[in-house]
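Here are my notes on the model you sent, set out as numbered points. Please read them with the coordinates open.

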Amino acid sequence: MRTLLTLLVFFIAFPLCSTTYYLDATNGSNADDGLSPATAWKDLFKIRAGAGPQPGDVYLFKRGEVWSGLPLYITASGTASQPIRYGAYGSGARPIITMVAPIAGADVAGNWTTGGDDLWSLSLAQTPGRLFLDGSEALRSSTFATLGQADNEGAVGKWFFEGGQLYLHSSLNPAAAFTTMAGSSRFNCALVEGASFLEITDLDIRGGSGAALTINAGSDILISSCSLGHSANSGLAIIDISATGISTPSVRVTVENNEFDSNFTFFYGLGSERGCGDGVKLFYGAAHCTIRNNVFLNWAHNAIELLADRSQDAGVHDNLIYDNQITAPAIPYAHPFSADGLLGKCQFNEFYRNTIADCRTAIQVNGNDNRVHHNLIVGMRRSPAKAQATAHAFSIGIYGAGLVSQNNRYDHNLIIDTDESAFLIRGYNLPGQATGHQIRNNILINTGLAPYQDAYAVGTGIVIYDTNQDGVGPTTYQNNLFYHFSSPTSPAVYVQDNAAYFSASEFNALNGTAGNTISANLSTDPQFTDFAAQDYYPLATSPVINAGVNTGLPLDFSGNNRLIGPLPDIGLYELDGVALPV
């Protein structure tokens, strides 16, 4: 017994030895031991060969190398003190792991069947996700019926996939028309399944008709300094594993300092699904995750999406999304972020200090008891991919049967230059109400610049649909500032079903109507330090100073103390006599 106790103490005090392995796609050999750059392995499958990864092991991929067509599949776990790490060595570009590979049989003319009218089909087990012809991406058609036709923006969808068939619009047999044809050969390029205590750093993970990297029921995982999502449908999926009605969520996944660049730059018309989806999605079961300090570029659905819409879901809750840079200047359809779910399934998530520019579709944070604060949103333009108003900063409502939109808080956001109003609150003829929300201490500048079909007056800050007709319940509107620099008398609020406009003071006078709490809203110049130079810090004479309502938030956009003076300031910053950091 004494010997056994001594061994236990030894193993606790002195962790098991770890090993560093090297991989080199060009000069490596699977016959070598992988223990040095000179004896590096060649292929990814060597990582799982033999005993497989052990706690503390490190797997390093040579920079400048490319591993194509073979997924990185991770099921082994580390420990809190000895995580398993996947990273890079050497100099140059990040090592690339990609699922984009030549489509088998596409180069054989006899494998293609003509349907007439320059339409060809090839039997294929699964969608390529995104299609590349002679190295250049071809635009996916929004429907089979529109394949090969120019849409309202003049863009032509060249391919479509359904029923096990890849359809391609080509004047010649595709095997003769194109030298190479490539797409994603698997749903995921890299998959972490049921593993914990991992670090994935300095890798470039590309392709995947589902996602470049998927975390299935993983926990205590760090993903940092990676490039994720090039040529993929989505960059990163953090989801559950659901079996026999039980959902096992992913928890405590930290995603920081990464680049999520879709490399998707098509500008097209009607039909929003063209093969490019979300930068990061937390679906069904994802809790206590952190998405921070990442850059998102040109994602054609959401940069970040949270969804828990199934009754068996463990839920998407208590996640932090902050300090991210989100932009989509090259594409026609892009939500910066969204959240939705059944009651109690998508809740207690927090979105803050994100900077959003040049997107074309509204933020949609619904679900219940979520918090959205201190976000800077600039330049929302209308999307030609939808025959409707899209360019609100926030669109609040119930978007599916059984989903909820209640008790969310939208505080201290700065919204500038939007084609539609800053906030839209409405129902969509579905059961339930968008209700209990709090919209407080926001600054709305130059909003409602080009309402779709002139549905309301230019310069409007908030559009509300009627309480009884359109599913909008009691809401709190407090201490928001409305201003249009070229048209200072623009209405603050439009109640759509009554066709009624209100200035801020007139809106305040409606306090108590239909259960709404409305007070202390302003229509005045916020007196920024230098609006043209994008310096939104308030001058000492600004009317926003001490004009807010206390929302319980301790820090402003720069991390300064919020509770300076009798009340917080409206907007992103708290005037405390300290210059903004450069």
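1. In this predicted model, Asn 408 sits in the loop that runs between strand S43 (405–406) and strand S44 (409–411). Its relative accessible area is 0%, and since the cut-off for a buried residue is under 20%, Asn 408 is therefore classed as buried.

2. Two polar contacts of the Asn 408 side chain deserve a look: the side chain reaches the backbone oxygen of Asn 366 at 3.2 Å, and one of its polar atoms lies 3.0 Å from the backbone nitrogen of Asp 369. Beyond its neighbours within four places in sequence, Asn 408 is in contact with Val 365, Asn 366, Gly 367, Asn 368, Asp 369 and Asn 370, and also with Gly 436, His 437 and Gln 438.

3. Turning to the pockets, the largest one has a volume of about 680 Å³. It is lined by 33 residues, of which Gln 364, Gln 388, Ser 395, Tyr 399 and Tyr 428 are the closest to its centre.

4. As for the make-up of that lining, the residues of the largest pocket comprise 16 nonpolar, 12 polar and five charged ones, and at least two lining residues come from each of strand S30 (302–308) and strand S34 (335–341).

5. Is Gly 400, in the loop between strand S42 (394–396) and S43, buried or exposed? With a relative accessibility of 15%, Gly 400 counts as buried because the value falls under the 20% cut-off. The C-alpha atom of Gly 400 is separated by 46 Å from that of Ala 176, a residue 224 residues apart from Gly 400 along the chain.

Terms used:
Residues are numbered from 1 along each chain as its sequence is written. This is a predicted model: local features need pLDDT of at least 70, side-chain atom pairs count only at pLDDT 80 or more; totals for chains, interfaces and linings use all residues. Side-chain values use heavy atoms; hydrogens and water are left out. Helices (H or I, at least four residues) and strands (E, at least two) are DSSP runs, numbered from the N terminus. Buried means under 20% relative accessible area, exposed over 50%, partly exposed in between (1.4 Å probe, protein chains only). A polar contact is a pair of N or O atoms within 3.5 Å; within protein, one must be able to donate a hydrogen and the other to accept it, and residues adjacent in sequence count only if both atoms are side-chain atoms. Contact means heavy atoms within 4.5 Å. On a 1 Å grid over the protein atoms alone, a cavity is a set of points where a 1.4 Å probe fits but cannot get out, and a pocket is an open set with protein on both sides within 12 Å along at least five of seven lines; lining residues have an atom within 4 Å of a point. Grid points are joined across faces, edges and corners, and a volume is the space filled by probe spheres set on the points. Ala, Val, Leu, Ile, Met, Phe, Trp, Tyr, Cys and Pro count as nonpolar, Asp, Glu, Lys and Arg as charged, and the others, Gly among them, as polar.
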